[in-house]
Amino acid sequence: MENVILVIHLILAICLIGIVLLQKSEGGGLGMGGGGGGVVSGRQAATAMTKLTWAFAVAFLTTSVVLTILAAQNAAGSSVVDQIPVEEQSAPVVPSGDALLPPTTGDAPLTPPRSE
């Protein structure tokens with residue numbers, strides 16, 4: 001069920017991209033410019049391309065909401081962290097204070113000899 005809706009969603013996305021690219025450019029950005037249309041001239045006549053764009057957009061948003069609901073239902077009560085296999089580990093070994101000091105042998109100096 002989820003895979004079928006996902007395939008329909010992808011097809012709608014491609015169709016929506018195609019129908020938007022096929023529409024006539026009105027020039028300018030953010031609705032400015034445009035040949036005679038705009039805020040002052042009133043409402044444009046809805047063409048078949050505009051109606052088809054709205055239909056694809058509504059269908060795309062509907063499949064988006066359905067996929068979100070299905071994903072939320074499938075993920076209810078589970079977590080990604082629950083899927084990680086846990087291995088038994090022993091407590092880390094902490095060295096004692098003497099283990100942190102360098103080994104001393106007899107009267108050897110603690111600093112390395114200078115190289116010349």
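## Starting with a definition

A residue is called buried when its relative accessible area is under 20%, exposed when it is over 50%, and partly exposed in between. Leu52 has a relative accessibility of 36%, so it counts as partly exposed. Keep these cut-offs in mind as you look around the structure, which is a predicted model.

## The chain as a whole

Let's begin with the overall picture. The protein chain contains 2 helices and 0 strands. Of its 116 residues, 8% are buried. The accessible surface of the chain adds up to about 10,400 Å², and carbon and sulfur atoms supply 66% of that area.

Contacts between distant parts of the sequence are a feature to look for here. Among the chain's contacts with a separation of 6 or more, 82% join residues that are 24 or more positions apart.

## Helix α2 and what follows

Here is a small check you can follow yourself. Helix α2 runs over residues 48-75, which is 28 residues. At 1.5 Å a residue it should span 40 Å, and its end C-alpha atoms are 40 Å apart, so the expected span and the model agree.

Which residues of α2 are buried? They are Thr53, Phe56, Thr63 and Leu67. These buried residues pack against α1, which covers residues 2-22. After α2 comes Gly77, and its phi is positive, near 80°.

## How the two helices meet

The axes of α1 and α2 lie 9 Å apart, and the helices pack at an angle of about 150°. Angles over 145 degrees count as roughly antiparallel, and α1 and α2 are therefore roughly antiparallel to each other. Their crossing is left-handed.

## A closer look at the contact

Now zoom in on Thr63, which sits in helix α2. Is Thr63 buried or exposed? Its relative accessibility is 11%, so Thr63 counts as buried. Setting aside neighbours within four places in sequence, Thr63 touches Ile5, Ile8, His9 and Leu12.

Two of those partners are worth a visit. His9 belongs to helix α1 and is buried, because its relative accessible area is 13%. With neighbours within four places left out, His9 is in contact with Phe60, Thr63, Ser64 and Leu67. Leu12 also lies in helix α1, and with a relative accessible area of 12% it is buried too. Again leaving out neighbours within four places in sequence, the contacts of Leu12 are Phe56, Ala59, Phe60 and Thr63.

## Far in sequence, and how far in space?

Finally, compare separation along the chain with distance in space for a few pairs. Val7 is in helix α1 and is partly exposed, with a relative accessible area of 47%. Val7 and Thr63 are 56 residues apart along the chain, and 10.0 Å separates their C-alpha atoms.

How far apart in space are Leu12 and Leu61, C-alpha to C-alpha? The distance is 9.6 Å, although 49 residues separate the two in sequence. Leu52, the residue we started with, has its place in helix α2. Leu52 and Val20 are 32 residues apart in sequence, with a C-alpha to C-alpha distance of 9.7 Å.

Notes: Residues are numbered from 1 along each chain as its sequence is written. This is a predicted model: local features need pLDDT of at least 70, side-chain atom pairs count only at pLDDT 80 or more; totals for chains, interfaces and linings use all residues. Side-chain values use heavy atoms; hydrogens and water are left out. Helices (H or I, at least four residues) and strands (E, at least two) are DSSP runs, numbered from the N terminus. The expected span of a helix is 1.5 Å times one less than its number of residues. Buried means under 20% relative accessible area, exposed over 50%, partly exposed in between (1.4 Å probe, protein chains only). Contact means heavy atoms within 4.5 Å. Accessible areas come from the Shrake-Rupley method with a 1.4 Å probe; for residues, only the protein chains shown count as cover. Axes are lines fitted to C-alpha atoms, for helices over the stretch in contact, and angles run from 0 to 180 degrees between N-to-C directions. Angles under 35 degrees count as roughly parallel, over 145 as roughly antiparallel, 65 to 115 as roughly perpendicular and the rest as oblique. A crossing is left-handed if the near helix is turned anticlockwise from the far one by less than a right angle, and right-handed if clockwise.
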